[in-house]
Amino acid sequence: TNLNKNKLMKAIYKFLSVLIIPGTLILFSWASGSPGGKTGSSGDGGTTCTQCHAGTATAQSGWITTNIPVEGYTAGQTYAITVTGTHSGVVKMGFELTAENSMGNKKGSWAITDASRTKFANANQAVTHTAAGNTPSGNTNTWTANWTAPAAGTGNIKFNAAVNAANGNGNTSGDQIYTTLLTIGEAVVLNPQIVSVNPDMAEQGWSGTVVINGDETSWLMDGVSNVMLKLNSNSSVVLNASSFTVSSNSIVNAVF
């Protein structure tokens, strides 16, 4: 009967509304940040935004930049980590960024520097965009957060990020997912010391070249401004080299 059909249609509409409303809420929540664990890193199981968005992630190089020196990070120091994504015709663009060691363990700690555009994700082990931070400028969007390096001896750090370039149609179709990776080494902490001076003694009136050999020294890289010798029994007696050459990080030839 028509009455039974009407009851059936109402039941179907109610059931569909139960399905549609949560789906809408999920899409809205992703617009305001990643749910976490979607960077494509080994610690995140290789999972990216493609778990919800159709398509295959495309790897990009150079999308993560830092102010970490070329010699590597130093334990306890804080650095700025920046993710920049580019996609022609993009309408919305979001990201998630994390840091791990070679075993996939999360390392270091994050600090939000722009709370209007970025926030924590994955129990503070990653950084993602906010609702205000997913609007690109032209075809590009960029985000920055501070990262404090972990304890000495951690080794290489891998910064992994996934970027979602969305077409703004309000659902998960037609979007392009990108992944990017930057590996940073740990700076070597030196314990410099002089291990030999040859010759290590001379008669009064002697002149010549003294070869100074160091261990864990960085004379060639850091530079040497002066070379001097002090008398062992009287440190107030100082001999300054008339000239010197730095042969390597561990060898200086000084003329006395």
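This passage describes the aromatic pairs and nonpolar cores of a predicted model. Local features rest on pLDDT of at least 70 and side-chain atom pairs on pLDDT 80 or more, whereas totals for chains, interfaces and linings use all residues. Residues are numbered from 1 along each chain as its sequence is written, and side-chain values use heavy atoms, with hydrogens and water left out.

Five aromatic pairs are present in the structure (rings of Phe, Tyr and Trp, the last by its six-membered ring, with centres within 6.5 Å; planes under 30 degrees apart are stacked, over 60 edge-to-face, the rest tilted). One of them joins tryptophan 63 and tyrosine 178 in a tilted arrangement, at 4.9 Å centre to centre and 55° between the planes. Because tryptophan 63 sits in the loop between strand E1 (58–60) and strand E2 (64–66), and tyrosine 178 in strand E10 (residues 176–184), this pair ties together parts 115 residues apart in sequence (strands, E, are DSSP runs of at least two residues, numbered from the N terminus). Both tryptophan 63 and tyrosine 178 are buried, meaning under 20% relative accessible area with a 1.4 Å probe, protein chains only.

Tryptophan 110 and phenylalanine 159 pair edge-to-face, at 6.3 Å centre to centre and 75° between the planes. Tyr73 and Trp147 join these two residues in one aromatic cluster.

Trp110, Trp147 and Phe159 return in the largest nonpolar core, of 25 residues, where they are among those touching the most other members, together with Ile81 and Leu97 (a core is a set of buried Ala, Val, Leu, Ile, Met, Phe, Trp, Tyr and Cys residues joined through side-chain atoms within 4.5 Å). Strand E9 gives the most to this core, with five residues.

Terms used. Helices (H or I, at least four residues) and strands (E, at least two) are DSSP runs, numbered from the N terminus. Buried means under 20% relative accessible area, exposed over 50%, partly exposed in between (1.4 Å probe, protein chains only).
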